[in-house]
Amino acid sequence: MANDQLLSGERLYLGVDIGGTKVAAGLVDAQGQIRFKTRTPMSPSGTADEGLQAVRTAVETVLIANPDAKVNSIGVASPGPLDPRTGMVLNSPNLPCWRDYALVRNVEQACKLPVHLDNDANAAGLAEALWGAGRGHNAVFYATIGTGIGTGLALNGHVYHGRTGNALEGGHMTIDYKGPRCECGKLGCIEALAAGPAIAARARAKLQAGAKSIMKELAGGEIANVTGETVGAAFAQGDAVAKEVLRETADLLTVFFGNIVDVLEPEIIVVGGGVGELISQWFDHIRENLPRWAINQRCAEIPLVLARYKADAGIAGAAALCMAEEKN
């Protein structure tokens, strides 16, 4: 997607969002507007070099299409686990092509520009702090809720990484030690209880127990085909069972956010992701019940808001890494 309004020599940030099936890249200006973007297919089960080539192709597409853009570095947002300090992708389940892979070094060699790497949730949270729903706040907690739950904390315009670079894995905070086993191996993680697959599983269990709902019809008559998207579509049509499933999800997230408030007391909580957008209709419910799950009785003063960036959160977040690095 090109933008004819690009100015010759205009300072722009190049953000690269690496996903399991695609590499998206784009140019973001100093106000956080995405001015150009492109997508390249990614084969996560291919070779390491094939994965690198997808990144290189996306970057070259951006630069060739915008020869007058002033770009000094590249930001890369990637699924974790990774080490932002060494530039290594460690053992991401979404990117089996890279194991203990020196992504920063290889992209720098391929693209001839400095590279800044972070996990996708950290990067997206930084974009929200610099340009988005968290702008103007010094402590921004970000949660993206979709197939999984990723979190990040931006303090004074910079990502908080912790001692080893692995802080803020909030999606794997246990809120029910007798709960279902998460993909990470722990029991009762908020991701295992409130992400898209968990929402779908709760809906299917209600249908199998005899609950009457249009979800089965929306899923082609097969309960096994009910997904999180099915629940959202049924809720939009006023389905009572879908509403109950989402209310239960909101209650689980209330417990989670109560823990976050008691540990971090951020100035604002920003929620992104497809499920996050759906759950935003329950934000008032969460705010009303938050004092029951936080010892901090001023917790209701903390804004709970929907993220600015949606499908382009990765591009914006990766670009934000470049802007933050300039401030160091």
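This is a short tour of two cavities and one helix in a predicted model.

**Stop 1: the cavities**

Start with the enclosed spaces. The structure holds two cavities of 30 Å³ or more.

**Stop 2: the largest cavity**

Select Gly80, Pro81, Leu82 and Asn119, then add Gly165, Asn166, Ala167 and Glu169. Together they line the largest cavity. About 50 Å³ of space lies inside. Now colour the lining of this cavity by class. Three residues are nonpolar, four are polar and one is charged.

**Stop 3: the second largest cavity**

Next, select Phe257, Ile269, Ile286, Arg287, Leu290, Ile302 and Leu304. These residues line the second largest cavity. Its volume is about 40 Å³. How many residues of each class line the second largest cavity? Six are nonpolar, one is charged and none is polar.

**Stop 4: helix α2**

Move to helix α2, residues 103-111. Show the side chains of Leu103, Val104, Asn106, Val107, Ala110 and Cys111, which are buried. They sit on the same side of α2, because they cover an arc of only 165° around the axis.

What do the buried residues of α2 pack against? Select these partners in turn:

- helix α1 (48-65)
- strands β1 (13-18) and β4 (74-78)
- strands β6 (88-89) and β7 (101-102)
- strand β8 (115-119)

**Stop 5: just past the helix**

Finish at Lys112, just after α2. Check the backbone there: Lys112 takes a positive phi of about 60°.

Technical notes. Residues are numbered from 1 along each chain as its sequence is written. This is a predicted model: local features need pLDDT of at least 70, side-chain atom pairs count only at pLDDT 80 or more; totals for chains, interfaces and linings use all residues. Side-chain values use heavy atoms; hydrogens and water are left out. On a 1 Å grid over the protein atoms alone, a cavity is a set of points where a 1.4 Å probe fits but cannot get out, and a pocket is an open set with protein on both sides within 12 Å along at least five of seven lines; lining residues have an atom within 4 Å of a point. Grid points are joined across faces, edges and corners, and a volume is the space filled by probe spheres set on the points. Ala, Val, Leu, Ile, Met, Phe, Trp, Tyr, Cys and Pro count as nonpolar, Asp, Glu, Lys and Arg as charged, and the others, Gly among them, as polar. Buried means under 20% relative accessible area, exposed over 50%, partly exposed in between (1.4 Å probe, protein chains only). Helices (H or I, at least four residues) and strands (E, at least two) are DSSP runs, numbered from the N terminus. The arc is that of the directions from the helix axis to the C-beta atoms. Contact means heavy atoms within 4.5 Å.
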